[in-house]
Amino acid sequence: MSLSSLSVWERESFFAPADIVIAGSGFVGLWSAYYLKKSAPHLSITIIERGIIPTGASTRNAGFACFGSLTELIADAQKMGEDAMLELVEMRYKGLKRITKLFHDKDTGFERHGGYELITDERDVNELRSNIDWLNRKLKKIVKQQKVFQLQNDKIEEFGFAGVQHLIANKAEAQLHSGKLCQALLKLVQSMGVTVLNNITIKSFEKMNGHLVLHTDQPFTFTTSQLLVCTNAFARQLLPQLDIEPARGQILVTSPIEQLPFKGTFHYEEGFYYFRDLGDRVLLGGARNKAFEAEQTDEMTITDTIQKELERFLGEVILPGRTWHIEHRWSGIMGMGGDKQPIIRPINDHVFCAVRMSGMGVALAPIIGEKVAALMTGEEAAQEFTEFMED
């Protein structure tokens, strides 16, 4: 189908010039469309997705709410500074609240079993308690709880783990069904009048007669007043100047485990390993810190190096002495960079971006979507005032 062969109906509906085109129908693209429509219902918005379904990380992650683990947040404070770490945690926490406020838990598979972090080294328990107390004090204003993190070593034997010295409970963590959340968002924005087109890749864009012309891998172009790039790890294909690097996350799922002794989300080694129950199965992902350079790729494949390491961890630590086999394996691509803070900014008068979620897109996307919508509609100052009053 070429541009010249389109019917008049197609030209004036699916392929009509739009006020805003969003590149990417993952979580950030969908939340951005929602807030744009909510603040300016008259806007015509088209989302263009390169995959048949959202392709990248949104529907290929581990299904964590992404609040964060103790050692991860402490490491972030050391690298980014305390204020930047707390700002990021607050965005994640508020983002999760938005999800549960807008959607019923059953529609997104949201479950509040809490989270835990495994510590396998002989760490000084007093130092660990000191870190827990410090972070709890810092988080109190954000989550309105006295103790987000607690030491719960008594559950190590109950959960059946091997080689674990300490277990840190996290009240704020949760889990969800990423596919269901994406579907719920798609239905919502389409009900608001947003057009979503799949299997089209935007290859380049140019300014022409006061508008942007988007060139695609199909024999037709799109015309828009504004372009919002929400392709996260793949954003440099359109905006090569951005500080973003792809990072592959590999995942596996076991066969059913008889009387699986734990529920919830679990982290290890500053969140580089992560696992959760999936009914009576175990979903395990990560270990890219064992091969950083090899996993800095946008190829959605799996490798023996990472998969064997995940299986080792599964057999030696999570399910020692158990019998299991692997039923599913896959990978997703996250957007990382020199900084964990998301990039939300205009490129020029017509092009904007909301990218670099650093593996936390589930929680960050609602807040990022609202922020970029305010930026694009000129409501940023009003939003900042509202947030100040809410605080």
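**Figure 1. The β11–β12 hairpin in this predicted model.** Let us begin where β11 meets strand β12 (residues 273-278): the two pair in the antiparallel sense, and four bridges link them. Together they make a hairpin with four residues between the strands. Within that turn sits Glu269, whose phi is positive, at about 55°. Across the pair, His267 stands opposite Tyr274 in β12. Follow the side chains along β11 and you will see Thr265 and His267 pointing one way, while Phe266 and Tyr268 point the other way. All of these β11 residues are buried.

**Figure 2. The parallel neighbour of β11.** Here the view turns to β3, which pairs with β11 in the parallel sense over four bridges. A handy landmark is Glu117, whose bridge partner in β11 is His267. As in the hairpin view, His267 also stands opposite Tyr274 in β12.

**Figure 3. An open sheet of eight strands.** If you trace the strands across the sheet, their order is β4-β5-β3-β11-β12-β13-β10-β14, and the pairing is mixed. Which strands are at the edge? They are β4 (149-151) and β14 (326-336), each of which pairs on one side only. On average, neighbouring strands of this sheet are turned by 20° against each other, direction ignored. Further along the order, strand β10 (residues 245-254) and strand β13 (residues 281-286) pair in the antiparallel sense, with three bridges. A good place to look is Leu252, which stands opposite Leu284 in β13.

**Figure 4. Helices α3 and α6 packed on the sheet.** Helix α3 (residues 70-80) packs on the sheet and touches β3 (115-119), β4 and β5 (166-170). The direction of α3 makes about 75° with that of β3. Helix α6 (residues 125-143) also packs on the sheet, where it touches β4 and β5. For α6, the angle with the direction of β4 is about 160°.

**Figure 5. Where α3 crosses α6.** Two packed helices are described by the angle between their axes and the distance between the axes. For α3 and α6, the axes come within 11 Å and cross at roughly 70°. That angle makes α3 roughly perpendicular to α6. On the α3 side, look for Leu70, Leu73, Ile74 and Ala77; they meet Leu128, Asn131, Ile132, Trp134 and Leu135 in α6. Sorted by class, this contact has eight nonpolar residues and one polar residue, with no charged ones.

**Figure 6. Asp76, a buried acidic side chain in α3.** Asp76 is found in helix α3. Is this residue buried or exposed? With a relative accessibility of 5%, Asp76 counts as buried, because the cut-off is under 20%. Leaving aside neighbours within four places in sequence, the contacts of Asp76 are Gly81, Met85, Arg92 and Lys340.

**Figure 7. The left-handed crossing of α2 and α4.** The axes of α2 and helix α4 (residues 82-102) come within 14 Å and cross at roughly 70°. The two helices are therefore roughly perpendicular to each other, and α2 passes α4 in a left-handed crossing. Trp31, Tyr34 and Tyr35 of α2 make the contact with Arg98, Ile99 and Leu102 of α4. By class, five of the residues in this contact are nonpolar, one is charged and none is polar.

**Figure 8. Surroundings of Ala33 in α2.** Ala33 belongs to helix α2 (residues 27-39). At 0% relative accessibility, Ala33 counts as buried. Which residues is Ala33 in contact with, leaving aside its neighbours within four places in sequence? They are Ile22, Ile45, Ile47, Val189 and Val194. For a sense of scale, the C-alpha atoms of Ala33 and Cys66 are separated by 22 Å, the two residues being 33 residues apart along the chain.

**Figure 9. Two loop residues with positive phi.** Most residues other than glycine have a negative phi. Asn209 has a positive phi of about 55° although it is not a glycine. You will find Asn209 in the loop between β7 (202-208) and β8 (211-216), and Asn209 is exposed, with a relative accessible area of 75%. Gln259 also has a positive phi, near 50°. The place of Gln259 is the loop between β10 and β11 (265-268). With a relative accessible area of 69%, Gln259 is exposed.

Terms used: Residues are numbered from 1 along each chain as its sequence is written. This is a predicted model: local features need pLDDT of at least 70, side-chain atom pairs count only at pLDDT 80 or more; totals for chains, interfaces and linings use all residues. Side-chain values use heavy atoms; hydrogens and water are left out. Buried means under 20% relative accessible area, exposed over 50%, partly exposed in between (1.4 Å probe, protein chains only). Contact means heavy atoms within 4.5 Å. Axes are lines fitted to C-alpha atoms, for helices over the stretch in contact, and angles run from 0 to 180 degrees between N-to-C directions. Angles under 35 degrees count as roughly parallel, over 145 as roughly antiparallel, 65 to 115 as roughly perpendicular and the rest as oblique. A crossing is left-handed if the near helix is turned anticlockwise from the far one by less than a right angle, and right-handed if clockwise. Ala, Val, Leu, Ile, Met, Phe, Trp, Tyr, Cys and Pro count as nonpolar, Asp, Glu, Lys and Arg as charged, and the others, Gly among them, as polar. Two strands pair if DSSP finds at least two bridges between them.
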